[in-house]
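I opened a fresh page for this protein and wanted to see what I could learn by looking things up one at a time. Here are my notes, in the order I made them.

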Amino acid sequence: TAWAQRLAAKEYADELVALCAALELAARITIIPYNPSHALGQWAVAAYGPEGVGVVIYLGSNDVHYVYLSQGAR
């Protein structure tokens, strides 16, 4: 509940948008994060949408923007 209240003011719903887009497109969206040199560890790769679908869309993220990397067919 607290996160949902902050969402409108100062946070973004990138994960929810990626999930909704993946479901609408019937695709799997995989986001490869950029790991800044000052990061304490590797940032996790995230995947949204159903597994086993025919299209996987790969996006890169620098925690500010998403960049289309490639689309692979399974």
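**Entry 1: a helix residue and its contacts.** I reminded myself that this is a predicted model. I started with Ala22. Leaving aside neighbours within four places in sequence, I found Ala22 in contact with Ala27, Ile29, Tyr48 and Gly49. Ala22 sits in helix H2. Is Ala22 buried or exposed? Ala22 counts as buried because its relative accessibility is 0%, and the cut-off for buried is under 20%. I also looked up a pair that lies 33 residues apart along the chain, Ala22 and Val55. Their C-alpha atoms are separated by 9.9 Å.

**Entry 2: the loop after the helix.** Next I followed the chain out of helix H2, which covers residues 14-25, into the loop that leads to strand S1. Ala26 has its place in that loop. I noted that the phi of Ala26 is positive, about 55 degrees, although Ala26 is not a glycine.

**Entry 3: a buried charge.** Then I reached Arg28 in strand S1, which spans residues 28-33. Which side chain of opposite charge is nearest to Arg28? I found Glu51, 4.0 Å away. Arg28 is buried yet has no salt bridge. I listed what Arg28 touches, not counting residues up to four places away in sequence: Ala47, Tyr48, Gly49, Pro50, Glu51, Val53, Val55, Val56 and Ile57. Glu51 is in that list too.

**Entry 4: a patch on the surface.** I stayed in strand S1 and went on to Ile32. Ile32 counts as partly exposed because its relative accessibility is 33%, and partly exposed runs between 20% and 50%. Which residues form a nonpolar patch with Ile32? They are Val45, Tyr58, Val67 and Leu69. Together with Ile32 they have about 420 Å² of accessible area on the surface.

**Entry 5: stepping back.** Last, I looked at the whole chain. I counted two helices and four strands, and from the N terminus on they run α-α-β-β-β-β. How many of the 74 residues count as buried? The share is 24%. The protein exposes about 5500 Å², and carbon and sulfur atoms supply 58% of that area. I also checked contacts between residues at least 6 apart in sequence: 36% of them join residues at least 24 apart.

Key
Residues numbered from 1 in each chain as written. Predicted model: local features only at pLDDT ≥ 70, side-chain atom pairs only at ≥ 80, totals over all residues. Heavy atoms only, no water. Buried < 20%, exposed > 50% of the residue type's maximum accessible area, 1.4 Å probe, protein only. Contact = heavy atoms within 4.5 Å. Areas by Shrake-Rupley, 256 points an atom, 1.4 Å probe, with all protein chains shown as cover. Lys, Arg positive; Asp, Glu negative; His and termini not counted. Patch = residues over 30% accessible without salt bridge, like charges linked within 9 Å, V, L, I, M, F, W, Y side chains within 5 Å.
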